Amino acid sequence: MPRNTTKKSQTKSLKTVKEKLKELEACSIDDKKTRDLENSRMALMNILEDVEEARKKAEEEKEKTASIVRNLSDGLIVLDDKGKISLLNPQSEKILEIPQKEMVGKKIGDFEGVERMNPLFKLFKKELKSIFRKEIFIDKELILEVSTVPMIISGTEFGTIIILHDITREKTVERMKTEFVSLAAHQLRTPLSAIKWTIKMLLEGDAGEINESQRDLIEKSYQSNERMIGLINDLLDITRIEEGRYLYNPTLDDLINVTESVVKASQDTIKKKGVKFEFKKPPKRIPRVMMDTEKIRLAIQNLLENAIRYTPSGGKVTISIKSDKNKIEFQIGDTGVGIPKEQQLKIFSKFFRGSNVTKLETEGSGLGLFIAKNIIEAHGGKIWFESEEEKGSVFHFLLPVKKELEEFLKEF
């Protein structure tokens with residue numbers, strides 16, 4: 001074969017191979033693009049599926065939340081950051097007797113004069129303040145307990161929830177209990193008073209001479225009867241507190257004089273118990289305070305009796321009074337048994353007595369501090385304490401020295 005023919009044949013074969021390689025390379029690139037496109041498509045499909053699944057879950061959670069709001073037994077009103085109503089549940093519509101469509105987009109202030117909204121309007125008249133369990137009377141058949149909860153995300157407040165809790169039934173039961181206690185206490189006080197004077201006549205010899213053994217038994221009966229009368233009086237005080245008719249005669253008076261009268265009446269008890277007593281009076285004259293003197297005297301008496309009762313013989317009870325132009329502070333400290341830390345939150349509750357004192361003293365109704373707290377707060381004051389078990393307690397109360405207090409007391 002001629003050499004030229006061979007070269008031509010080789011050149012042609014090489015060209016063919018190169019073309020084939022180019023074709024293969026082109027096919028390879030196309031296949032890669034196809035694979036990349038397919039992978040991208042699959043990735044997008046997965047993302048879309050995830051998004052759809054997340055959307056369904058969000059819709060389910062939204063529906064659950066909406067169902068909870070719809071079926072709440074309490075009324076719920078949601079306000080946006082501008083104070084406009086954005087949502088309310090069916091219970092709110094039922095309580096306020098206003099359809100949702102007439103309330104959404106409006107402020108509570110827009111409902112001034114609307115009968116059932118008026119109590120809420122008065123509550124939030126100036127501003128949407130923080131409220132916890134504030135009672136309002138809608139009408140004779142409906143009493144609500146109102147609380148507000150701010151809605152906060154990442155430290156930013158974007159609205160407020162108003163919760164309306166119907167406490168009509170609880171208040172009705174409470175009123176019935178109060179009325180029963182009041183009736184029972186009044187009915188018991190008369191025969192107890194008769195027993196008291198009969199026993200006193202026996203002790204004074206009006207029914208003839210008695211020997212020492214008889215006198216001892218009669219005196220014990222007299223003291224037991226006195227404790228019963230004291231308990232009845234406490235129960236009557238509580239019914240008056242709960243009925244909101246506890247302060248009768250507010251006048252300008254001097255807290256030092258009131259305290260001195262209580263201390264004087266307690267001197268025999270202090271000596272009998274064997275405790276040291278000190279009354280630290282302020283160096284300067286203190287301002288007089290608008291007060292129901294008898295009630296403040298009762299509050300001080302309850303605090304002093306507790307201090308004496310739960311301080312062992314040889315211990316000390318100290319009363320001090322200090323003041324500035326705005327307030328007067330009364331303080332009574334003792335070196336008694338103290339109050340267990342885990343029970344301190346209950347100390348002003350009705351009928352509560354610390355576990356450590358019930359072992360030491362069988363006497364006591366657990367009503368004294370409850371009554372004292374209500375008396376002080378009814379005067380616009382504040383009461384609190386510090387205590388450590390086995391080391392003693394210090395109780396404080398503040399009474400405001402303000403002309404406005406006279407207006408405040410008129411409500412009682």
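How many Å should the 17 residues of helix 9 (residues 293-309) span at 1.5 Å a residue, and how far apart are its end C-alpha atoms? I found an expected span of 24 Å, taken as 1.5 Å times one less than the number of residues, and the end C-alpha atoms are 24 Å apart, which agrees.

I note that this is a predicted model, in which local features need pLDDT of at least 70, side-chain atom pairs count only at pLDDT 80 or more, and totals for chains, interfaces and linings use all residues. Residues are numbered from 1 along each chain as its sequence is written, and side-chain values use heavy atoms, with hydrogens and water left out.

I took helices (H or I, at least four residues) and strands (E, at least two) as DSSP runs, numbered from the N terminus.

**Helix 9.** I then looked up burial (buried is under 20% relative accessible area, exposed over 50%, partly exposed in between; 1.4 Å probe, protein chains only). In helix 9, 12 of the 17 residues are buried, so the rest of the structure largely encloses this helix. Among them I listed Thr293, Leu298, Asn302 and Ile308.

**Positive phi.** I looked up two residues other than glycine. Arginine 133 has a positive phi near 55° and sits in the loop between helix 4 (118-123) and strand 3 (134-139). Its relative accessibility is 54%, so arginine 133 counts as exposed. Serine 154 has a positive phi of about 55° and lies in the loop joining strand 4 (142-153) and strand 5 (156-166). I recorded serine 154 as exposed because its relative accessibility is 77%.

**Helix 1.** I found valine 51 in helix 1 (residues 3-71), exposed with a relative accessible area of 51%.
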